[in-house]
Amino acid sequence: MLQIEIDSGSGFCFGVTTAISKAEEELAAGTVLYCLGDIVHNGMECERLKQMGLVTINHDDLRRLHGVKVLLRAHGEPPETYDLARQNNIEIIDATCPVVLQLQRRIKRQTDAYPRAQVVIFGKPGHAEVLGLVGQTSGKAIVIAHFEDVTRLDFTRDIYLYSQTTKSLDEFHRIIDYIQAHISPEATFRSFDTICRQVANRMPNVSAFAARHDLVLFVCGRKSSNGRVLFNECLRVNANSHLIEGPGEIAPQWLEGISTVGICGATSTPKWLMEQCRDALITTAKDR
């Protein structure tokens, strides 16, 4: 008989949980609520909230709106967004994750105190959180997406290194080691470990989870940076791992010769979606 386990450590992080709770509270009260960008990098959860009345907008839309309520998701926003909201008499429902908010403030203080230093952010270019962080530096921060990008830095100048909260801890430490080995003796280098431990601690947990199953289904939206990192870890320890967005992507042939299936997901993956995948597996197994 097929055994299926849903990883108890997977699912929304507290930042995403808070953002969704705030949206549901406003919508339940009958508020017309706009959200600046997808509230979470999971298409099915976004669709669920859309059915409740949540309207997703982009920054161009925001410029045209006046006198409405707009929710800012957990990723955070640059200062310009708050300025525009004040100009357009927009009420902000701020759901920025406290970890991200603290990071924004640290970067701003650092930039104001040392304006000539290189502020470097290890993160995904164009990601909503990274845009918010770069905004604290008036666009001057240098974003490096991968370890290889560290060679672009000027090692004769001071470097202050931060990280997007959901990046790989191991790669961040490799970047630190490289800078320490190449920085000029006359320059200052400081690094700040700003990776969220609620996310970082999932790496060893999901690794152990993936290793004990014949088949692993990693459920997440394909736009999720955190999901990509965690899925790659699953794949590293268990080659029979598949990234899916929902139950409709499960292939029956994956179950051939399989005794145990593990279902896990990203910090943007709702529990109800993993449960739907479990139910689809049970139906598929019965039909075989």
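In strand β5, D94 is the bridge partner of L72, and that pair is a handy place to start walking through this predicted model. L72 brings us to strand β4 (residues 69–72), which pairs with β5 in the parallel sense over four bridges. As a reminder, strands of a sheet pair through backbone hydrogen bonds, either parallel or antiparallel.

Now let us step back to the sheet around this pair. β4 and β5 belong to an open sheet of four strands, ordered β3-β2-β4-β5, with parallel pairing. Which strands stand at its edges? They are β3 (55–57) and β5 (91–94); each has a single partner strand, so one side of each is left without a neighbour in the sheet. On average, and with direction ignored, neighbouring strands here are turned by 35° against each other.

Two helices are worth finding next to these strands. Helix α1 (residues 14–28) packs on the sheet, where it touches β2 (33–36), β4 and β5. The direction of α1 makes about 165° with that of β4. Helix α4 (residues 79–87) packs on the sheet as well, touching β2, β4 and β5, and its direction makes about 145° with that of β5.

Further along the chain you will meet another sheet. This open sheet of four strands has the order β7-β6-β8-β9, again with parallel pairing. Its edges are held by β7 (142–144) and β9 (189–191), each with a single partner strand, so one side of each lacks a neighbour in the sheet. From one strand to the next, the twist averages 20°. To see one of the pairings in detail, look at strand β6 (residues 118–122): three bridges join β6 to β7, and the two run parallel. Here F122 stands opposite I144 in β7.

Helices pack on these strands too. α5 lies across β6 and β8 (159–163), running at about 170° to β8. Helix α7 (residues 169–182) touches β6, β7, β8 and β9 as it packs on the sheet, and its direction makes about 175° with that of β8.

Let us stay with α5 and look at its helix partner. The axes of helix α5 (residues 98–113) and helix α6 (residues 128–135) come within 8 Å and cross at roughly 30°. That angle makes α5 roughly parallel to α6, because angles under 35 degrees count as roughly parallel. The crossing of α5 past α6 is right-handed. On the α5 side the contact is made by V100, L103, Q104 and I107, which meet E129, G132 and L133 of α6. By character, the residues of this contact divide into four nonpolar, two polar and one charged.

Is α6 mostly covered or mostly uncovered? It is mostly covered, with seven of its eight residues buried: A128, E129, V130, G132, L133, V134 and G135. The buried residues of α6 pack against α4, α5, β6 and β7. Recall that α4 is also the helix that touches β2, β4 and β5, while β6 and β7 are joined by three bridges.

We can end at Q198, in helix α8 (residues 197–200). Q198 counts as partly exposed because its relative accessibility is 31%. Leaving aside residues up to four places away in sequence, Q198 touches C13 and F14; F14 lies in α1, which spans residues 14–28. The C-alpha atoms of Q198 and T165 are separated by 9.7 Å, with their positions 33 residues apart along the chain.

How values were computed:
Residues are numbered from 1 along each chain as its sequence is written. This is a predicted model: local features need pLDDT of at least 70, side-chain atom pairs count only at pLDDT 80 or more; totals for chains, interfaces and linings use all residues. Side-chain values use heavy atoms; hydrogens and water are left out. Axes are lines fitted to C-alpha atoms, for helices over the stretch in contact, and angles run from 0 to 180 degrees between N-to-C directions. Angles under 35 degrees count as roughly parallel, over 145 as roughly antiparallel, 65 to 115 as roughly perpendicular and the rest as oblique. A crossing is left-handed if the near helix is turned anticlockwise from the far one by less than a right angle, and right-handed if clockwise. Contact means heavy atoms within 4.5 Å. Ala, Val, Leu, Ile, Met, Phe, Trp, Tyr, Cys and Pro count as nonpolar, Asp, Glu, Lys and Arg as charged, and the others, Gly among them, as polar. Two strands pair if DSSP finds at least two bridges between them. Buried means under 20% relative accessible area, exposed over 50%, partly exposed in between (1.4 Å probe, protein chains only).
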